[in-house]
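Subject: Handover of a structure and notes on its contents

Dear colleague,

Please find the structure below, handed over for your study. My notes follow it, and I would ask you to read them with the structure open beside you.

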Number of protein chains: 2
Amino acid sequence: MNSGLALDAVKFDMEKKTRAAQARERIRSGAWAGHTSGLADEHVQGNVVILPKAWAEDFQLYCERNPRPCPLLAVSKPGEAFLPKLGTDIDIRTDVPKYRVWRDGAMVAEPTDLSDLWSDDLVTFIIGCSFSFEQALLSAGLPLRHVEQGRNVAMYRTNVPTVSAGPFSGPMVVSMRPMRAADAIQAIQVTARFPAVHGAPVHIGDPKLIGISELGQPDYGDAVDIMPDELPLFWACGVTPQAALQQARPPLCITHAPGAMLITDLLNHQLAIS
Amino acid sequence: MNSGLALDAVKFDMEKKTRAAQARERIRSGAWAGHTSGLADEHVQGNVVILPKAWAEDFQLYCERNPRPCPLLAVSKPGEAFLPKLGTDIDIRTDVPKYRVWRDGAMVAEPTDLSDLWSDDLVTFIIGCSFSFEQALLSAGLPLRHVEQGRNVAMYRTNVPTVSAGPFSGPMVVSMRPMRAADAIQAIQVTARFPAVHGAPVHIGDPKLIGISELGQPDYGDAVDIMPDELPLFWACGVTPQAALQQARPPLCITHAPGAMLITDLLNHQLAIS
């Protein structure tokens with residue numbers, strides 16, 4: 001027998017599920033081909049990398065050896081388009097708003113559907129993204145400058161090498177968020193609880209110590225203002241594996257288009273460790 | 001029936017207990033009147049403040065309003081010399097190596113025993129000390145410069161006010177430990193688990209932002225070297241309540257002499273939150 005309270009809880013859970021599933025339905029139908037920022041934002045979103053089986057083993061090893069920039073949320077079997085660990089109805093061929101198709105390291109197409117390209121040889125990797133920990137930072141009352149300024153987060157190539165695996169190597173890419181010292185100390189504690197989405201920062205303070213010469217000129221994203229009483233905080237960034245892929249030049253690689261991620265059924269807070 | 005394993009565990013526990021109790025026995029007998037740094041160092045040590053009952057209520061409120069610099073581990077009833085929460089046989093009149101007796105804010109004596117001074121009017125406060133979190137930092141492989149250099153930690157008066165209570169007020173005093181950025185990020189996570197002994201740092205980076213003009217000239221303790229690739233980390237410090245006491249000038253106040261703390265039966269790791 002369900003009590004009224006239990007029924008309410010079930011309804012609430014269904015509604016949450018529905019928000020992620022509804023967003024995917026809109027995307028699958030072709031009604032939405034844009035950014036996923038702000039869509040079902042209590043749900044975990046993931047970076048997408050799809051590779052031929054011959055390249056997948058090394059790429060998986062590369063992610064496992066570099067868990068801060070490349071936190072693996074799920075890996076499919078070859079040819080398997082479904083990701084039951086991340087959502088009951090996810091079909092990776094249709095559920096990302098926009099894809100990028102790369103051949104030998106060069107982008108050749110930006111389709112919104114992979115059905116024609118799909119083959120039994122393809123392996124899908126879903127990598128955690130900083131949207132999840134940004135929700136936790138905002139929930140803790142910590143301001144995010146790039147959100148306030150309506151910009152993309154600033155990202156930089158560093159002189160910190162990743163651990164290579166087969167053809168995959170390259171520098172760690174970091175995202176930067178400026179904060180006052182007390183907020184920075186709290187932000188370190190908050191994000192340390194989310195190792196599945198990059199975890200605690202990898203650096204704080206002087207950018208030159210990790211090979212960044214000019215904060216005003218990010219390699220990806222937009223520059224943001226830094227106040228005199230603020231410190232820059234640097235987190236390992238999901239662009240790192242994309243840079244490694246561009247360098248490795250596999251014959252075929254499919255990724256999400258920037259900002260157009262896979263929306264999963266996982267809730268952000270489920271990624272927190274105690 | 002005890003198994004061999006269970007007996008071993010009991011022996012181990014007795015041995016641990018014995019190390020703190022043995023240190024207190026040596027102190028109680030008068031055989032040791034020096035620093036407690038390094039004595040039974042797996043055990044929690046505490047700052048000691050003893051006040052007449054008329055001043056105790058405001059001082060307790062002051063500690064409760066400023067838990068970062070004044071984390072209360074125990075408060076006695078008036079006249080009660082025992083602290084069963086911190087150890088089965090602790091007698092605060094004899095178990096601290098050296099005391100300081102203050103009258104109207106001026107130090108008048110440094111006895112090694114309080115038996116003659118004791119009265120039913122006195123209330124004892126034991127306040128957490130950074131020895132406990134320093135053990136956790138060292139266990140995590142994080143270097144401490146003042147330990148490496150055989151100096152006392154550097155402490156500074158800040159321009160950050162504490163929350164006053166009755167006659168007790170004044171600036172927060174902080175201790176400073178320099179670290180490289182990656183170590184600093186880890187140190188924040190490690191010490192955040194120890195709110196009973198000051199917790200996470202209150203500041204990181206530019207000392208001028210908290211009113212410290214010259215790191216080379218600490219207000220208490222010794223200056224330590226800071227390398228070009230290091231950031232100063234500032235923790236709330238147990239000298240804060242001592243400064244508030246000196247300013248309030250109670251007719252009688254008894255504290256531990258610097259570095260000569262109360263050794264309790266608590267183990268440092270027992271203070272960690274999950």
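Which residues are buried in helix 6 of chain A? Before I turn to the reply, please bear in mind throughout that this is a predicted model.

The buried residues of helix 6 of chain A are Val239(A), Thr240(A), Pro241(A), Gln242(A), Ala243(A), Ala244(A), Leu245(A) and Ala248(A). The helix has 10 residues and eight of them are buried, which leaves helix 6 of chain A mostly covered. Part of its surroundings can be named: helix 6 (residues 239-248) of chain A lies across strand 6, strand 7 and strand 9 of chain A. Its direction is at about 155° to that of strand 7 of chain A. After the helix comes Arg249(A), with a positive phi near 50°.

The sheet beneath these notes on helix 6

The strands just named belong to an open sheet of four strands in chain A, arranged in the order 6-7-9-8 with antiparallel pairing. Strand 6 (154-161) and strand 8 (203-204) of chain A are at the edges with a single partner strand each, so one side of each has no neighbour in the sheet. Within the sheet, seven bridges join strand 7 (residues 171-180) of chain A to strand 9 (residues 230-236) of chain A in the antiparallel sense. One bridge that you may wish to locate links Ser175(A) with Trp235(A) in strand 9 of chain A.

Chain B can be read in a similar manner. Its four strands 6-7-9-8, in that order, form an open sheet with antiparallel pairing. Here strand 6 (154-161) and strand 8 (203-204) of chain B hold the edge positions; each has a single partner strand, so one side of each lacks a neighbour in the sheet. Five bridges connect strand 6 of chain B to strand 7 (residues 171-180) of chain B, again in the antiparallel sense. Met155(B) has Ser175(B) in strand 7 of chain B as its bridge partner. Helix 6 (residues 239-248) of chain B lies across strand 6, strand 7 and strand 9 (230-236) of chain B, at about 155° to strand 7 of chain B.

Chain A as a whole

Chain A contains six helices and 11 strands. Its radius of gyration is 19 Å, close to the 19 Å given by the globule rule for 274 residues, so chain A is as compact as a globular protein of that length. The C-alpha trace of chain A spans about 55 × 55 × 30 Å along its principal axes. Of the 274 residues in chain A, 45% are buried. Among the contacts in chain A with a separation of 6 or more, 78% are between residues 24 or more positions apart.

Two further places in chain A

Strand 11 (residues 262-267) of chain A has five of its six residues buried, so it is largely enclosed by the rest of the structure. Strand 1 (residues 43-52) of chain A pairs with strand 11 of chain A in the antiparallel sense over three bridges. In that strand 11, Leu262(A) stands opposite Gly46(A).

Tyr99(A) is found in strand 3 (residues 99-103) of chain A. Why does Tyr99(A) count as buried? Tyr99(A) has 22 C-beta neighbours inside 10 Å, and the cut-off for a buried residue is 20 or more. Leaving aside residues up to four places away in sequence, Tyr99(A) touches Glu110(A), Pro111(A), Leu114(A), Ile254(A), Thr255(A), His256(A) and Ala257(A). Tyr99(A) and Pro258(A) are 159 residues apart in sequence, yet their C-alpha atoms are 8.7 Å apart in space.

How the two chains meet

Chain A can be superposed on chain B by a rotation of 180° with 0.0 Å of shift along the axis, at an RMSD of 0.0 Å. The two copies are therefore related as by a two-fold rotation axis. In chain A, the C-alpha nearest the axis belongs to Gln189(A), at 2.9 Å. Both copies use the same surface, as 94% of the contact residues of chain A recur in chain B.

The contact takes 17 residues from chain A and 16 residues from chain B. On the side of chain A that touches chain B, helix 5 (181-192) and strand 8 of chain A are the elements that give two or more residues. Helix 5 of chain A provides the largest share, seven residues. By class, this side of chain A has 12 nonpolar, four polar and one charged residues.

With kind regards

Definitions and conventions. Residues are numbered from 1 along each chain as its sequence is written. Chains are lettered from A and ligands numbered from 1 in the order in which they are written. This is a predicted model: local features need pLDDT of at least 70, side-chain atom pairs count only at pLDDT 80 or more; totals for chains, interfaces and linings use all residues. Two strands pair if DSSP finds at least two bridges between them. Two residues are in contact if their C-beta atoms, placed from the backbone, lie within 7 Å. Axes are lines fitted to C-alpha atoms, for helices over the stretch in contact, and angles run from 0 to 180 degrees between N-to-C directions. Copies are superposed by least squares on the C-alpha atoms of residues with pLDDT of at least 70 in both. The radius of gyration is taken over C-alpha atoms; the globule rule is 2.2 Å times the number of residues to the power 0.38. A residue is buried if 20 or more other C-beta atoms lie within 10 Å of its own, exposed if 12 or fewer, and partly exposed in between; C-beta atoms are placed from the backbone. Ala, Val, Leu, Ile, Met, Phe, Trp, Tyr, Cys and Pro count as nonpolar, Asp, Glu, Lys and Arg as charged, and the others, Gly among them, as polar.
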